[in-house]
Every structure is written in C-alpha cells, then in structure tokens.
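Here is a walk through one protein model with its ligand. Start at the ligand, then move into the protein interior.

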Amino acid sequence: MAAKKTVAIIAASRGLGLALADEYCARGWHVIATSRGKSAGLDELHQLYPASLEIENVDIVQLASIRALKKRLAGRRLDTLFVNAGICKANELTPIAVSDHDFLDMMLTNALSPMRVIEALENLVPENGVIAALSSEIGSIGNCVGFWELYSSSKAALNMLMKAFSARHPNDPRALLLVAPGWVRTDMGGDEATLGISDSIPLVVDMVERNAGVPGLRFTDRHGEILPW
Ligand SMILES: NC(=O)c1ccc[n+]([C@@H]2O[C@H](COP(=O)([O-])OP(=O)(O)OC[C@H]3O[C@@H](n4cnc5c(N)ncnc54)[C@H](OP(=O)(O)O)[C@@H]3O)[C@@H](O)[C@H]2O)c1
C-alpha cells in the first residue's frame, strides 16, 4: 500500500485553512494543521480524524515561532506545503487614509511572512511535491480594477516574492503555486462574497493535486486557469 501523503497547512484555525484541513483529511492525507492559538474548529476536526490530523502551532509574523516550527518538523516529508495565513485590514481605504500600522501589518502577514515560512520549510518538500501559498485574484496587477487596493497590493507583493524565490531556484523540480481561491464567504471574504467554502476548496485541492510533479511557478485560480501577473 502506498504511504499516506502529508500536507502541512499553515493557518488552519478557521475559514479556508480549516476547510483545507477538512478536505485533505477526507481525502485520506496525513494533515499537519497549524493555528496560532486555540481553535475550536481544529479541535472538532481532530475528534473526527484523531489518527490523521496533527495540530501544530505557529504565528507566522514571529520569526522565532517559524524557527521553532522548523525544528519540530525536522526530518518530516511534506508532500504539499500550503501557506494559507492572511489578514485584510482597511480594505475600503486608499493610501492617504490607511494607517501605517495597518498597511505594514498586511505586508508583514500576507507577503513577507508566508515567504519566510516557505524558506524555512521548503527543504521538507520532495522533488514531486507542491509549495503553495494563498494569493488572490485581486493580487493580479494586470487585472486590477482598484478593489480592496491595499490588501491587493500585499498579495501582489507575495506574488513578486514567490517569483523571486522561483528565480533563485531555477532548476527546482517542484510545483510552486500562487493560488487564487475565488471570493469566498469567510470572516475575511464577508457575506457579499460570491462563493461558499464548498464551491472553492474542493476545486482548490483538486487543482493542487493535479500540479504535483509539474515543475515551475504558476499564479492560478481554483480551476487551474493561469492568471496574469
Ligand atoms: N475569503 C476570500 O474570499 C479570499 C479570497 C482570496 C484570497 N484569500 C486568502 O485566503 C487565505 C485565508 O482567508 P480566509 O478567508 O479563510 O480568512 P480568515 O477567515 O480571516 O482566516 C485567516 C486565517 O489566517 C490566520 N492568520 C492570520 N494572521 C496569522 C499569523 N500571524 N500567524 C498565523 N496565522 C495567521 C488566521 O488565524 P487566527 O484564527 O489565529 O486569526 C486564520 O486562520 C488568506 O491568505 C486570504 O488572504 C481569501
């Protein structure tokens, strides 16, 4: 029998990350799901999948916390590393109105820190593995219509950093994915969002699974359609 595959989902306390953990557990994967505090959702999921769900802890804006996770996971194999963490603040504001603090918080959480997690854990991902980060359709500069512009700019920065990572690893055989899940009803997406979690996450996981063993960087939506940078 083939060994169980392992996915690490960084930030799975609620929303899309929790749904990813649920979906991978249901598909028979071993799941390492992180939160930065107590998560009732993860505790419930653990009751359902006590053998395949492992709960870990990391606050991605704390470099020491990333380093501690790296130490705890040393020697493990992550067939898929999926960085989901993100925040959205001051989404309706413009550069002159946003506080420095809110803008910097988004840049730190959405762009710099996910890439720090990837830098710290990438050596655990095998040659036919996948390194994915949750980006967004509105992180596309080419398609920008000005919606949630401050948050969008943090996702564009994430895309740039992933592209730079890819450029620094020119012969990397792994799939490097920037994933746009659609506009989904979560705490962040809000009630106006066009999709429910179940309209997005199974397609996201199908798409990520199809990308295993396909080397290179792609900015893709949940269907596997390539998005313009
Ligand atoms: N919903 C959408 O329509 C949509 C669309 C495109 C992209 N995305 C992206 O998809 C991802 C998940 O979004 P969501 O809608 O599920 O948002 P959400 O419901 O607000 O959940 C955000 C998740 O990120 C975690 N997080 C935030 N800061 C963190 C930190 N410093 N360290 C560790 N974890 C942290 C949160 O943990 P806590 O519970 O501890 O706060 C939570 O698990 C984000 O990257 C978001 O930008 C969402």
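This is a predicted model. Begin with Arg14: a polar atom of its side chain sits 2.7 Å from a ligand oxygen. Tyr151 also reaches the ligand through its side chain, where an N or O atom is 2.6 Å from a ligand oxygen. Val184 makes its approach with the backbone instead: a polar backbone atom there lies 2.7 Å from an oxygen atom of the ligand. How much of the ligand does the protein bury? On its own the ligand exposes 900 Å², and the protein buries 93% of that.

Now widen the view. The ligand has 28 residues around it. Those that come nearest are Ser13, Arg14, Tyr151, Val184 and Thr186.

Next, the interior. In soluble globular proteins, nonpolar side chains tend to be buried together. Here the largest nonpolar core holds 31 residues. Ile10, Leu81, Ile118, Leu121 and Met162 touch the most other members. Several elements give two or more residues to this core, among them the strands β1 (6-10), β4 (80-83) and β5 (130-134) and the helices α3 (63-73), α4 (100-121) and α5 (149-168). Which element gives the most? It is α4, with six residues.

Look closer at Ile10. Beyond its neighbours within four places in sequence, Ile10 is in contact with residues including Val58, Ile60, Leu69, Leu81, Val83, Val117 and Leu121. Polar residues are on its contact list too, including Thr34 and Asn84.

There is also a second core, separate from the one above. This core has 29 residues, including Tyr24, Leu45, Ala132 and Leu134.

Methods
Residues numbered from 1 in each chain as written. Predicted model: local features only at pLDDT ≥ 70, side-chain atom pairs only at ≥ 80, totals over all residues. Heavy atoms only, no water. Core = buried A, V, L, I, M, F, W, Y, C linked by side-chain atoms within 4.5 Å. Buried < 20%, exposed > 50% of the residue type's maximum accessible area, 1.4 Å probe, protein only. Helix = DSSP H or I, 4+ residues; strand = E, 2+ residues; numbered from the N terminus. Contact = heavy atoms within 4.5 Å. Near = heavy atom within 4 Å. Polar contact = N/O pair within 3.5 Å; in protein donor to acceptor, adjacent residues only side chain to side chain. Areas by Shrake-Rupley, 256 points an atom, 1.4 Å probe, with all protein chains shown as cover.
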